Amino acid sequence: DSNPQVAMCLDNIAMNYKDMGDYEKALTYGKDSLNILIEAMGEAHRETVLCRRALAVTYGRLHQYEEKVNQFKEIIAAQKRVLGADSKEPFTSFPDLFMALYEAKEMVQGLETAAQAVSDLQRILEAEGSGAEGPKCRE
């Protein structure tokens, strides 16, 4: 059933299992919820993104850091595909991606990803004419 209400119920079950420390069951219900949300609402919908974030946290609890990284990369890629390359929305997920890369011991990739994210965000802000008003980063 591709009903978002079913997905929300499955997601609630997943959160309860996660709270109880049963991460394997949480993962199962979380994946089922995510699949329904992707089909029913799209990959970049707010509820789908929140579900994928919760799934990423569960992967982290299971020390499956590569899969945690993949979930955050998928959020960013989906938002860029759906919202466009000039959307600022994907940048809200970059801090989570950086932390996941750190946990996966992928610090170099994290630094490279961070540098590219800063460059992309600066380009977007300059194109909108809002690049000069923000705080400056240390050099």
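The following dialogue examines how the terms applied to this predicted model follow from its computed values.

Student: What should be known about the model before its values are read?

Tutor: This is a predicted model, in which local features need pLDDT of at least 70 and side-chain atom pairs count only at pLDDT 80 or more, while totals for chains, interfaces and linings use all residues. Residues are numbered from 1 along each chain as its sequence is written, and side-chain values use heavy atoms, with hydrogens and water left out.

Student: What makes up the secondary structure of the protein chain?

Tutor: The chain has six helices and zero strands, and its elements run α-α-α-α-α-α from the N terminus. Helices here are DSSP runs of H or I of at least four residues, strands are runs of E of at least two, and both are numbered from the N terminus. The C-alpha trace spans about 45 × 30 × 20 Å along its principal axes.

Student: How do you know that the span of helix H2 agrees with its number of residues?

Tutor: The expected span of a helix is 1.5 Å times one less than its number of residues. Helix H2 covers residues 23-41, which is 19 residues, so its expected span is 27 Å; the end C-alpha atoms are 25 Å apart, and the two values agree. Just after H2, Gly42 takes a positive phi of about 100 degrees.

Student: Why is Ser33 called buried?

Tutor: Buried means under 20% relative accessible area, exposed means over 50%, and partly exposed lies in between, with a 1.4 Å probe and protein chains only. Ser33, in helix H2, has a relative accessible area of 0% and is therefore buried. The buried residues of H2 are Ala26, Leu27, Gly30, Ser33, Leu34, Ile36 and Leu37. In the protein chain, buried residues make up 34% of the 139 residues.

Student: What does Ser33 touch, and which helices do the buried residues of H2 pack against?

Tutor: Contact means heavy atoms within 4.5 Å. Not counting residues up to four places away in sequence, Ser33 touches Ala7, Leu10, Asp11 and Cys51. The buried residues of H2 pack against helix H1 (4-19), helix H3 (46-61) and helix H4 (65-83). Among contacts in the chain between residues at least 6 apart in sequence, 53% join residues at least 24 apart.

Student: Why is Met8 called partly exposed?

Tutor: Met8, in helix H1, has a relative accessible area of 28%, so Met8 falls in the partly exposed class. Met8 touches Leu37 and Glu47, not counting residues up to four places away in sequence. Met8 and Glu47 are 39 residues apart in sequence and 8.8 Å apart in space, C-alpha to C-alpha.

Student: Which class does Leu50 belong to?

Tutor: Leu50, in helix H3, has a relative accessible area of 37% and is therefore partly exposed.

Student: What makes the enclosed space in this structure a cavity?

Tutor: On a 1 Å grid over the protein atoms alone, a cavity is a set of points where a 1.4 Å probe fits but cannot get out; lining residues have an atom within 4 Å of a point. The structure holds one cavity of 30 Å³ or more, and about 60 Å³ of space lies in the largest cavity. Its lining consists of Asp11, Ala14, Met15, Lys18, Ala26, Gly30, Cys51, Ala54, Leu55 and Thr58. The elements that give two or more residues to this lining are H1, H2 and H3.

Student: Is Ser87 buried or exposed?

Tutor: Ser87 lies in the loop between H4 and helix H5 (94-103); its relative accessible area is 15%, so Ser87 is buried. A polar atom of the Ser87 side chain lies 3.2 Å from the backbone nitrogen of Glu89.

Student: Why is His63 called exposed, and what sets its phi apart?

Tutor: His63, in the loop between H3 and H4, has 59% relative accessibility and therefore counts as exposed. Most residues other than glycine have a negative phi. His63 has a positive phi of about 60 degrees although it is not a glycine.

Student: Which class does Lys105 belong to, and what is its phi?

Tutor: Lys105 is found in the loop between H5 and helix H6 (107-128). At 65% relative accessibility, Lys105 counts as exposed. Its phi is near 65 degrees, a positive value in a residue other than glycine.

Methods: On a 1 Å grid over the protein atoms alone, a cavity is a set of points where a 1.4 Å probe fits but cannot get out, and a pocket is an open set with protein on both sides within 12 Å along at least five of seven lines; lining residues have an atom within 4 Å of a point. Grid points are joined across faces, edges and corners, and a volume is the space filled by probe spheres set on the points. A polar contact is a pair of N or O atoms within 3.5 Å; within protein, one must be able to donate a hydrogen and the other to accept it, and residues adjacent in sequence count only if both atoms are side-chain atoms.
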